[in-house]
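Reader: I've got the file open and I'd like to poke at the labels. Could you walk me through the reasoning behind them?

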Amino acid sequence: MKKRISLLSVILLLVLSLAGCGGTENKETPDKETLESYAQYALQICMNMDSESKEQFKALSDLELNLTLVNNGFPMEGSNFLTMLEGWDAAVEECGAFIELGASEMEVKSDETVLSYEAIFADRDATIEFVFDKNENIESMTVGAKYSIGEILKKAGLNTVLGMGTVFVVLIFIAFIISLFKYIPDIQKKFGKKNKTDVPAAPAAIPAQAVQSVQEDVTDDSELIAVIAAAIAASEGTSTDGFVVRSIKRRKSNKWN
C-alpha cells in the first residue's frame, strides 16, 4: 500500500512538472546591440540623405525600393522607409538640427520591441523611438519633441482662443443673417407690386345696352336693304338676284323730284 502511494505521488509530481514546462514559452530576448546598430544606421541615413536622393527613392517602385533596402542590409520595408524620411524632416523643422544621441532604453512587448533614445537638437530636446517587429525589422521611427510647461500652456491658450474665437465669429454671422429676415416681407411686397404692374389690363367689358343697340341697328339696316332692293327690282322689272346693295347713304336734302 505504501509503495502505491509513493508511486502515485511521484507520478503527480512528474505531471505537474510537465505542465509547468508546457505553460512557459521560451521567448528569445532581442539583442539590444543589434537593434541599436539598426537604429543608428537609420539615423545616419536620415541625416546624410539630401533632397535629391529622397526624390530618387520616392520615384522607385515598391519592389525596386524593397530590393534596394535589402541589398544595403537595412531591415525595413519601402513604405515605412519613406515615412521615416518624411518624419525626420518634420522633426528637424520642429526641433532644429540634430546634435547628439543620448542613452537608450529597450522595452520588449508581446509582438514588438521599442528602442527609445534621448536626443539633443538645436532648439529643444526630443525622444526618438524605434519600433521593431519579431524579426527585428524596423516598423517605424518617431521623434517626440519635449516642450516646457510654459510652451505647453502657451499652445493650450492659443488653441482655446482660436476655438472660442471661431465659435463667436460663427455665432455673430448667424445673428447677422437672422437680423436680415425682417426685410424679407418688404422685398416680397415690392416684387409683388412689380408683377402686378407688368400684367396687361383686361379689356373693358362692353355694356349690354351698347351691344343691343348695335344689334338693333344691324337688323334695321338689313330690313331697309331688303325693302330698297325689292323696290328697285320692281321698278326695273327684274328680280333681286341681278344686283347687290352694298351700301346705303342718306342724302342731306329730303326733296324728291
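**Labels and their reasons**

Author: Sure, let's begin with a ring: Lys155 lies over the face of Tyr147, at 3.9 Å from the ring centre. Keep in mind that this is a predicted model.

Reader: What makes Lys155 count as lying over the face of Tyr147?

Author: The distance part goes like this: the limit for NZ of Lys is 6 Å from the ring centre, and Lys155 is at 3.9 Å. There's an angle test too, within 35 degrees of the ring normal.

Reader: And which residues form an aromatic cluster?

Author: Tyr41, Phe57, Phe74 and Phe81 form one. The pairing rule wants ring centres within 6.5 Å, and by that rule the count comes to 7 aromatic pairs.

Reader: Why is the Asp89 and Lys54 contact called a salt bridge?

Author: Their closest N and O atoms are 2.5 Å apart, and the cut-off is 4 Å, so the label fits. In general, side chains of opposite charge can pair when their charged atoms come close.

Reader: Where do Asp89 and Lys54 sit along the chain?

Author: Asp89 of this salt bridge is in helix α5 (residues 78-95) and Lys54 is in helix α3 (residues 51-59), so the pair links distant parts of the chain, 35 residues apart.

Reader: Is Lys54 buried or exposed, and how do you know?

Author: Lys54 has 12% relative accessibility, and buried means under 20%, so Lys54 counts as buried. Its partner Asp89 comes in at 36%, so it falls in the range between 20% and 50% and counts as partly exposed.

Reader: How many salt bridges are there?

Author: The count comes to 3. Another one is Glu118 with Lys146, at 2.3 Å from N to O. Glu118 lies in strand β2 (residues 113-121) and Lys146 in the loop between β4 (138-145) and α6 (149-179), so the pair ties together parts that are 28 residues apart in sequence. Glu118 is at 38% relative accessibility and Lys146 has 39%, so both count as partly exposed.

Reader: What about Lys109 and Glu112, how do you know they meet in a salt bridge?

Author: That N to O distance is 4.0 Å, and the rule says within 4 Å, so the pair sits right at the limit as quoted and is counted. On accessibility, Lys109 is partly exposed at 39%, and Glu112 is partly exposed at 22%.

Reader: What makes Cys46 and Cys95 buried?

Author: Cys46 has a relative accessible area of 3% and Cys95 has 1%. The threshold is under 20%, so both labels hold.

Reader: How many disulfides does a search of the whole structure find?

Author: It finds 0. A disulfide would need a pair of cysteine sulfur atoms within 2.5 Å.

Reader: What's the overall layout, in helices and strands?

Author: The protein has 8 helices and 4 strands, and along the sequence they follow α-α-α-α-α-β-β-β-β-α-α-α. Of the 257 residues, 17% count as buried. Among contacts between residues at least 6 apart in sequence, 45% join residues at least 24 apart.

Reader: How confident is the predictor on average?

Author: The average pLDDT is 78, and 71% of the residues score at least 70. Over residues 1-8 the pLDDT is below 50, and that stretch has 0 contacts beyond near neighbours in sequence. Residues 10-26 are also below 50, again with 0 such contacts. Where pLDDT is low, the predicted coordinates should not be read in detail.

Key
Residues are numbered from 1 along each chain as its sequence is written. This is a predicted model: local features need pLDDT of at least 70, side-chain atom pairs count only at pLDDT 80 or more; totals for chains, interfaces and linings use all residues. Side-chain values use heavy atoms; hydrogens and water are left out. Rings of Phe, Tyr and Trp (its six-membered ring) pair if their centres lie within 6.5 Å; planes under 30 degrees apart count as stacked, over 60 as edge-to-face and the rest as tilted. Buried means under 20% relative accessible area, exposed over 50%, partly exposed in between (1.4 Å probe, protein chains only). A salt bridge is a side-chain nitrogen of Lys or Arg within 4 Å of a carboxyl oxygen of Asp or Glu. Helices (H or I, at least four residues) and strands (E, at least two) are DSSP runs, numbered from the N terminus. pLDDT is the predictor's confidence in each residue, from 0 to 100. Contact means heavy atoms within 4.5 Å.
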